[in-house]
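Okay, thanks for having me. I'd like to walk you through one model today, starting with a sheet and ending with some empty space.

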Amino acid sequence: MSAVSRRPVVIIGAGPVGVTAALLLARRGVRSLVLERHRDVYPLPRAVVVDDEVRRILQRVGIHEEFAAVSRPARGLRLLDARHRVIAEFARSRHGHHGFPQTSMFDQPELERLLRAALVRRPECELRDGVEAVSVTPGTDASHGSTGPVKVTFRRDGSDEDEHVWADAVLGCDGAGGLTRDAIGAVWEDLHFEESWRVIDVRTSRPVRTWEGVDQICCPTQPATFMRLGEDRYRWEFRLADDEPLDGPDGLERLRKLVAPWVDLPSDAPSGGDFEVIRQAQYTFRARLADRWRRGRVFLLGDAAHLTPPFIGQGLCAGLRDAHNLTWKLARVLQQGADDGLLDTYERERKPHARHMIRLAVAVGWAMTGGQDRGAALRRAVVGAVCRVPGVSSAVSRDLSPALTAGPLVRRRPGLPGRVLVGTFCPQPWVIVEGRRVRLDDVLGDSFAVLTAAPPTPQMAAVATALDAPVIHVGDLGDDGSLAAWLARGRSDAVLLRPDRVVLDTVPAGTGAFPGTAAWGSLLHAARPTTDARPVP
């Protein structure tokens, strides 16, 4: 039996979520071992959409410019009726709150190759492919309790010999069928959506009728989704029975009729040629949420923690949000001795957010497929009527991802000026620093940051010093004025930004102090609150 080794963090699964988690940890100097049973990137497309928040995460791991070269902005989402008349349209901007297009289309294998290449450049990361994790068990050192080291047992391809590695933390990024969820005793909560759909990826040089956004066909008998992925790449999704073929003479005729609203195919068109089906796969779309995401130092991320129907394009986005939320907290605990309770905020913040997004996807799914009765038709009519109210469609587009719910690191106190900013993301405009035009996050760095529109007070400076956070005046950034306007709308003189750029606390206008330091300071092992800090009831 091989010798037992030790790594601070073991990540099970080298998909986009696992590799992103490794890269985010590496930026904070945390070493990781990534175990992946496949030898290479899975070659066929799966996820095809990310939003601007996720583009910002890709910026943090250093591949946003390369990703821009292999992705393309989409105009938004349309809900269409069975005759392809527009019920509602949700436009997406090319410059969203996070500084990137609000919706980007891409090919998942290309994203994974970019992430793997970035992983190779980081000495803190080691990827072992052709390796399958077979068990995850807590350590036996009672002195550490539930925070003790975790043993991961794995086998190399073609070997029956067990190998072991001890880790200070294990991130289960091993998908819906992985072992980590069982290892922590988690079970699925069913959010009541399950349908079988056929996903068809096509390459064609034929003219395709597209508005350069996503079409969702709301039809109880033949719902569908259509989107353009690249110059000559397209995806259709249809609700079809498992045994309904789309190849052979009869199947090709069925396919021709299904895609007819978008592209004209001659009835005698052969397979391949100028309309090539790259892949067709049957998927069961489900809505599920794990009842627990953490046990000790073992965590669930991505599809191991939640499953969502694809109708609003948030499956992969949710997993990368998990990685972004957890990694800075884990690094702070492992490297700076922060209270282990900091890790409890991962599930507390991410689980309600994931539930909200899953329910939104299910709502769109039911709008598309929710039966043939009068009630279903009425629901679709109501959706269209509501979305024609001025401002509703733009509000839905803007607020797809909600603010985090209140908690230890989201100090949202009723009645306190500035509370509307807490739990939301700081916008990311272009700024001018030392004559260079850069994105705001490149100035803020990887730690906490204080962003202020007023002269820093002693209490603000003390908080910044305790968290090793830069204090940056928005007037010195040379942006377009959006940061000062954002603070003014939030009735705040300053904000304390977490490493993931979520607003932790604000300085209400005219007060000069962060009011919540007594509540979150000990959790982060920050300095004790200064005398002019206000107590939190």
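Before I point at any strands, one bit of vocabulary: I call two strands paired if DSSP finds at least two bridges between them. And keep in mind that this is a predicted model.

So, let's go to strand S5, residues 76-80, and strand S13, residues 214-217. These two pair in the parallel sense, over four bridges. If you want a spot to look at, find Leu-77, which stands opposite Val-214 in S13.

Now zoom out. That pair belongs to an open sheet of eight strands, and the order reads S6-S5-S13-S14-S15-S12-S16-S19, with mixed pairing. At the edges you have S6 (86-91) and S19 (306-307); each has a single partner strand, so one side of each is left without a neighbour in the sheet. Helix H8 packs on this sheet, where it touches S5, S12, S13, S14, S16 and S19. Its direction makes about 65° with that of S12.

Next, my favourite part, strand S15, residues 233-238. Is it buried or exposed? Six of its six residues are buried, so S15 is largely enclosed by the rest of the structure. Look at which way the side chains go: Arg-233, Arg-235 and Glu-237 point one way, while Tyr-234, Trp-236 and Phe-238 point the other way. And yes, that buried set includes the two arginines and the glutamate.

What about the neighbours of S15? S14 runs antiparallel to S15, with five bridges joining the two, and Phe-226 stands opposite Trp-236 in S15. A hairpin links S14 to S15 through four residues. S12 is antiparallel to S15 as well, joined to it by six bridges; there, Val-202 stands opposite Tyr-234.

Last stop, the empty space. How many cavities of 30 Å³ or more are there? The count comes to three. The largest holds about 120 Å³ of space. It is lined by 14 residues, and Glu-53, Asn-325, Arg-350, Leu-404 and Phe-425 lie nearest its centre. Two elements give two or more residues to that lining: helix H7 (315-336) and helix H8 (344-369). H7 gives the most, with three residues. As for chemistry, the lining divides into four nonpolar, five polar and five charged residues.

So H8 is the one I'd leave on screen: it packs on the sheet, and it also gives residues to the lining of the largest cavity. That's it from me.

How values were computed
Residues are numbered from 1 along each chain as its sequence is written. This is a predicted model: local features need pLDDT of at least 70, side-chain atom pairs count only at pLDDT 80 or more; totals for chains, interfaces and linings use all residues. Side-chain values use heavy atoms; hydrogens and water are left out. On a 1 Å grid over the protein atoms alone, a cavity is a set of points where a 1.4 Å probe fits but cannot get out, and a pocket is an open set with protein on both sides within 12 Å along at least five of seven lines; lining residues have an atom within 4 Å of a point. Grid points are joined across faces, edges and corners, and a volume is the space filled by probe spheres set on the points. Ala, Val, Leu, Ile, Met, Phe, Trp, Tyr, Cys and Pro count as nonpolar, Asp, Glu, Lys and Arg as charged, and the others, Gly among them, as polar. Contact means heavy atoms within 4.5 Å. Axes are lines fitted to C-alpha atoms, for helices over the stretch in contact, and angles run from 0 to 180 degrees between N-to-C directions. Buried means under 20% relative accessible area, exposed over 50%, partly exposed in between (1.4 Å probe, protein chains only).
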